[in-house]
Amino acid sequence: QAPEIKAAFEQLSLLRKIEETVANLQKAAQEFDAPSLEVNLAIAQNLRMEGIPPYIELMDKIKAIYAAIDHALSAKSMETLDYALSLAQEIGYNRQDCYDAWTVRTCVEGLTAEINHVLEIIPERDQIEELHHRCRTIGFSNDLTNQLEALIGLEDPDLFKRQEQAARSANNHQRRLAKTSQLKEIFFLRFGKTIIWEQCPIFRSPADFAKSKLIGKDKTKNSMLHWSKETIPTSLTNIEDKLLQKDAVRNFKNILAWSGDKTVQYPIMVAREIIEKGVISEGLRDEIYVQIIKQITNNPNHDGVVQLWHLMQLCLLHFPPTAVFEHYLEGFLRDKGGEQRWYTVRTLHDTQEKGVQPVPAPEAVEALTKQTYSATRIPIDVHRPTLPPPTPIDAVVDINTKRGISGAYSSQSYGQGPAPATYGGYGAPAAPAGHPAPSQGPPAYGGYGAPAAAVQPPPSAHGGYGAPAAPAAPPAGRPMPQPPGGRPMPQPPGGY
């Protein structure tokens, strides 16, 4: 062939190659395909095409997005996810890994809200474990999940204390009472045998109790804490106030009348007066309980004992013991309360929680004395908190499986930087034979921090990659590639 014809064919082949490369570059830019951009940029550089810097810049940004999303999907922190999505939003990037990042972010946000709620209300152990299991299943780990793990690791008494404190803060009376009851169950199981009734520190000594007796002093000493038909010479407990001592003696006479050891015309009014004394006078509350227990102990009159247990229940419904005496009273109720002991114990706990109640009318007193109480030990109703619907994790599990991310807690902590970029799951191809590799630009982002504000959902129509400054004019006969025009970025799955 003539040299002119050969040159023309070479020029035509070159132009076709340039046109093909331009089309490939534009297609790769529209699809945010960094490996394809890398291959075709190598070809463009080998062809000495001009106008390719915008494509190199875009390729570097896409690689940075690949690396950021890879790291974010593994780290599962809001900071890394927000940062990766903000990079994607800048250029309208909308490949599948971006949708995956939005899915993971939505899940992480939901789990974070759940954890914060759980740490505030401290629900039951199995509820905490279920949330912790979902976090662990997808590999979500941070300071909040560590706090969940710490809660799960608590022994029952410590967990119950945290739950009681949370219920107190939330003004949840029923749950607070349930947790108090659980703590007391553990306390009496462990230390109940160390609480000896006769060693209660509020009792007078037998000698002090009987010192005013001139006749029958030994008998008075021996019967101090046992049933007696005789009135008491002074209070059974260490009351220094003389007026309260007189009230204590009068109250014991009322107890004798109520139980049938003394005759009285209106027993309901006697019971009401006993309750009224306990409601009004804090200094007499322990004394009243001790007097009732004294008359129950070794009482040969069965009907009288029944009446005294009715009186005990009436008092428990309306005023609590002091903190010094409460364990001794509860210990007696548990040991000597008979079939109804669990009901009286729960009544004690309830009144300790609610505090002093108003003095009942005579009709109410009569009705309460006729009430029957269950002998069945009903399990404590812990009043499980109602939690919001659990955040679904199945989609994140699928993403982890697809990308080979372990579901256990990641050993790579946030801030160490991502693993080398894999271009969104695509291996970077080698440049074609005979073509030099393109300039690489800045390295893939690593150790990146949180954006200034949480990324917002991308708009339905994003401007995409903006046009760069116009490059120098191309040589004659060679078309210049157009900068990528971008395309709208669809909303992430679920309309986040």
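Modeller: In this model, a salt bridge is a side-chain nitrogen of Lys or Arg within 4 Å of a carboxyl oxygen of Asp or Glu.

Colleague: Good, we can start with those. What sort of model is it, though?

Modeller: This is a predicted model, so local features need pLDDT of at least 70 and side-chain atom pairs count only at pLDDT 80 or more, while totals for chains, interfaces and linings use all residues. Residues are numbered from 1 along each chain as its sequence is written, and side-chain values use heavy atoms, leaving out hydrogens and water.

Colleague: How many salt bridges does the structure hold?

Modeller: There are 26 salt bridges in the structure. One of them joins the side chains of Glu31 and Lys27, with 3.1 Å from N to O.

Colleague: Are Glu31 and Lys27 buried or exposed?

Modeller: In between, as it turns out. Buried means under 20% relative accessible area, exposed over 50%, and partly exposed in between (1.4 Å probe, protein chains only). Glu31 comes out at 31% relative accessibility, so Glu31 counts as partly exposed. Lys27 has 48%, which makes Lys27 partly exposed too.

Colleague: Now a different pair. What is the distance between Lys402 and Asp100?

Modeller: Their closest N and O atoms are 2.8 Å apart, and the two residues form a salt bridge. Lys402 sits in helix H19 (residues 394-403) and Asp100 in helix H5 (residues 96-121), so this pair ties together parts that are 302 residues apart in sequence. For the helices, I use DSSP runs of H or I with at least four residues, numbered from the N terminus.

Colleague: And which side of the cut-off is each partner on: buried or exposed?

Modeller: Lys402 counts as exposed because its relative accessibility is 52%. Asp100, on the other hand, is at 5% and counts as buried.

Colleague: Which residue does Glu353 pair with?

Modeller: Glu353 makes a salt bridge with Arg176, where the closest N and O atoms are 3.0 Å apart. Glu353 belongs to helix H17 (residues 341-354) and Arg176 to helix H9, so this salt bridge ties together parts that are 177 residues apart in sequence. Glu353 is buried, with a relative accessible area of 18%. As for groups, Lys184, Glu185, Glu326, Glu330 and Arg334 are joined into one network by salt bridges that share partners.

Colleague: Why would side chains pair like that?

Modeller: Side chains of opposite charge can pair when their charged atoms come close.

Colleague: Let's switch to the backbone. Which phi value does Ile122 have?

Modeller: The phi of Ile122 is near 50 degrees, a positive value in a residue other than glycine. You'll find Ile122 in the loop between H5 and helix H6 (125-137). Ile122 is buried, with just 2% relative accessible area.

Colleague: What about the phi of His383?

Modeller: The phi of His383 is near 50 degrees, again positive in a residue other than glycine. His383 is in the loop between helix H18 (362-369) and H19. With a relative accessible area of 27%, His383 is partly exposed.

Colleague: Last topic, Met269. Where is Met269?

Modeller: Met269 has its place in helix H13 (residues 267-280). At 40% relative accessibility, Met269 counts as partly exposed. The C-alpha atoms of Met269 and Ala361 are separated by 9.4 Å, although the two residues are 92 residues apart along the chain.

Colleague: And back at the start of the chain, which helix holds Ile5?

Modeller: Ile5 lies in helix H1 (residues 3-30). Ile5 has a relative accessible area of 42%, so Ile5 is partly exposed.

Definitions and conventions. Helices (H or I, at least four residues) and strands (E, at least two) are DSSP runs, numbered from the N terminus.
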